[in-house]
Amino acid sequence: MRYTSFTSYDVVLLAQGLGVSLALFLTTTVIGLLLGTIWAVIRFYRVPVLSPLIAVLAELLKNSPVLVQLFLVFFGLPALLKINVTPVEAALITLSGNTAAFIYVIAVSAIESIGRDQIESARVFGLSRWQVLRHIIAPQAMAFAIGPLTGLLVNQLQVTSLISVIGVVDLTKIGNILNLRTLKPFIVWTIVGALYYATAKLVAFGGATLEKRLRAHSAWKGL
Amino acid sequence: MIRARGVRKSFGSAAVLDGIDLDVHGSEVVSILGSSGSGKSTLIRCMNGLEKLDAGSITIDDFDVSLPKDLAEARKRSATVFQLFNLYPHMTALQNVTLAPIQVLKRSRAEAEATARSLLDSVGLGARADAYPAQLSGGQRQRVGICRALAMNPRYLLLDEITSALDPEMTAEVLSILAQLAKTGTTMVFVTHEIEFARTISSRIVFLDKGQLVVDLPTEEFFAAEGGMARPRISQFLSKMRKD
């Protein structure tokens with residue numbers, strides 16, 4: 001057997017790489033969702049100082065390349081603060097922040113999409129601002145946001161491939177390693193691409209299923 | 001009682017309410033008439049705290065609606081029915097009616113649902129309790145809106161042109177419910193264009209013109225030839241409304 005041929009161990013490698021990519025994707029998605037939603041709620045309550053600060057932060061994160069943010073965290077932070085940042089930590093921080101910024105934007109527009117009239121009637125019936133957010137705005141905003149959110153997450157999944165640049169052994173990095181060993185780029189990158197594709201499809205399917213459930217109140221003919 | 005004193009409200013340079021004094025006592029049905037833009041709806045929106053007063057005061061059972069800590073109590077005692085229903089579209093008719101009793105009055109779900117079902121039954125919507133607003137006709141939606149208000153067991157019912165978005169048939173179904181309510185002694189402030197109906201259920205008629213309260217008379221007197229009708233502005237308004 002020549003070193004360029006594929007072995008069954010390569011499947012394990014690919015699975016490991018996929019596992020790392022997925023773990024990073026899921027973790028940063030959860031953190032991003034949490035952060036982005038909290039930021040949007042802070043904006044909803046118009047908290048002084050914090051809300052404008054968050055708006056600026058989100059602007060910065062949205063409008064600069066993820067790769068540059070990644071380099072800033074991985075190379076810039078250690079230089080500035082004299083601390084050690086591992087590749088995985090840098091990836092977690094960067095991707096979470098980036099996802100949070102986009103989720104913040106989606107959440108803000110979702111909250112603003114809810115008709116004023118409903119909010120007014122809920123307030124008149126004595127519901128607090130929090131109860132209005134919880135019972136009137138959140139369920140409808142979620143139904144509104146799930147479409148853009150699914151699109152975002154499918155994109156963020158692909159963005160995780162950037163972290164291979166700073167040495168995280170994710171699916172793309174494994175592809176790189178296999179490619180260098182086997183010298184069969186077309187096969188390796190087709191397989192890696194197919195794995196990303198399958199995962200993205202899974203995310204999209206999950207989003208569509210959730211959307212159907214959240215939109216149950218408008219899911220009939222003529223609407 | 002609901003007491004308004006010297007209420008002023010303007011939007012930009014336009015004075016919508018220009019010094020309103022009004023008392024509504026328990027078990028009264030007070031209809032507020034006036035042409036569009038006379039400030040009727042704004043007056044209701046000031047009563048339930050949706051608009052801030054520029055000057056003057058409104059109290060509901062001595063709770064001042066411009067004080068945040070009083071407003072909550074004032075809102076518990078009054079309930080509003082809106083022109084465009086303002087139902088929560090993601091909730092069924094039943095959930096629309098039970099939300100505030102459960103969240104604000106802290107009723108148990110079972111208790112709130114039992115009350116809601118009997119209210120929906122009483123307006124002929126017992127079978128539609130699990131329908132979403134978009135599955136209901138306009139008249140049915142407004143009947144849900146009325147149930148939602150009644151579920152709060154309010155002392156005062158504020159009705160803001162509740163039939164203006166409905167066709168005559170649906171208007172009739174909604175008004176018949178109000179007629180029953182009036183008989184039970186529910187206090188109502190009724191902003192409306194339904195002159196004839198206002199005449200049958202009201203104990204008093206108030207006429208607004210350009211943000212001022214120009215007439216406040218018992219219903220009989222308002223429609224009497226020597227009473228409100230003696231005023232050119234009112235007879236002109238009434239003859240115009242009746243022609244439409």
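**Close-ups of a predicted two-chain model**

**View 1. Helix α4 of chain B and what sits behind it.** In this predicted model, the buried residues of α4(B) pack against α3 (93-103) and α5 (138-150) of chain B. The buried set takes in Ala112(B), Ala116(B), Leu119(B) and Leu120(B). They cover an arc of only 95 degrees around the axis, so they end up on the same side of α4(B). Flip to the other side of α4(B) and you get Ala110(B) and Asp121(B), both exposed. The spacing rule behind this is a familiar one: an α-helix has 3.6 residues a turn, so residues three or four places apart point the same way. As for length, the 14 residues of α4(B), 109-122, should span 20 Å at 1.5 Å a residue, and the end C-alpha atoms are indeed 20 Å apart. Just past the helix, Gly124(B) takes a positive phi of about 80 degrees.

**View 2. Zooming in on Leu119(B).** This residue is found in helix α4 of chain B. Is Leu119(B) buried or exposed? Its relative accessible area is 16%, so Leu119(B) is buried, given that the cut-off for buried is under 20%. Leaving out residues up to four places away in sequence, Leu119(B) touches Cys147(B), Leu150(B) and Ala151(B). Met47(B) is another matter: 72 residues away along the chain, its C-alpha atom is separated from that of Leu119(B) by 25 Å.

**View 3. The nonpolar core around Ile146(B).** The largest nonpolar core has 76 residues, and Ile146(B) and Leu178(B) touch the most other members. Its largest share, 11 residues, comes from helix α6 (residues 129-159) of chain A. Which residues does Ile146(B) contact, setting aside neighbours within four places in sequence? They are Val81(B), Ile162(B), Val174(B), Ile177(B), Leu178(B) and Leu181(B). Another core, of 25 residues, lies apart from the 76-residue one; among its members are Leu17(B), Ile20(B), Cys46(B) and Tyr156(B).

**View 4. Where chain A meets chain B.** The contact draws 19 residues from chain A and 24 residues from chain B. About 2,000 Å² is buried between the two chains, with carbon and sulfur atoms giving 66% of that area. How many salt bridges are there between chain A and chain B? The count is one. The side chains of Glu120(A) and Arg45(B) meet in a salt bridge, at 2.8 Å from N to O. This pair belongs to a salt-bridge network that links Arg116(A), Glu120(A), Arg45(B) and Glu51(B).

**View 5. Salt bridges within chain B.** Over all chains, the structure holds 20 salt bridges; here are a few from chain B. Arg8(B) and Asp18(B) pair up at 2.6 Å, N to O. Arg8(B) lies in strand β1 (residues 2-11) and Asp18(B) in strand β2 (residues 14-24), so the pair ties together parts that are 10 residues apart in sequence. Both ends are partly exposed, Arg8(B) at 40% relative accessible area and Asp18(B) at 28%.

Arg204(B) bridges to Glu28(B), with the closest N and O atoms 2.9 Å apart. Strand β9 (residues 204-209) holds Arg204(B), while Glu28(B) is in the loop between β2 and β3, so parts 176 residues apart in sequence are tied together. Both of these residues, Arg204(B) and Glu28(B), are buried.

Finally, Asp61(B) meets Arg155(B), the closest N and O atoms being 3.0 Å apart. Asp61(B) is buried, at 16% relative accessible area, whereas Arg155(B) is partly exposed, at 47%.

Conventions. Residues are numbered from 1 along each chain as its sequence is written. Chains are lettered from A and ligands numbered from 1 in the order in which they are written. This is a predicted model: local features need pLDDT of at least 70, side-chain atom pairs count only at pLDDT 80 or more; totals for chains, interfaces and linings use all residues. Side-chain values use heavy atoms; hydrogens and water are left out. Helices (H or I, at least four residues) and strands (E, at least two) are DSSP runs, numbered from the N terminus. The expected span of a helix is 1.5 Å times one less than its number of residues. Buried means under 20% relative accessible area, exposed over 50%, partly exposed in between (1.4 Å probe, protein chains only). The arc is that of the directions from the helix axis to the C-beta atoms. Contact means heavy atoms within 4.5 Å. A nonpolar core is a set of buried Ala, Val, Leu, Ile, Met, Phe, Trp, Tyr and Cys residues joined through side-chain atoms within 4.5 Å. Buried area is the accessible area (1.4 Å probe) that two parts lose on being put together, summed over both. A salt bridge is a side-chain nitrogen of Lys or Arg within 4 Å of a carboxyl oxygen of Asp or Glu.
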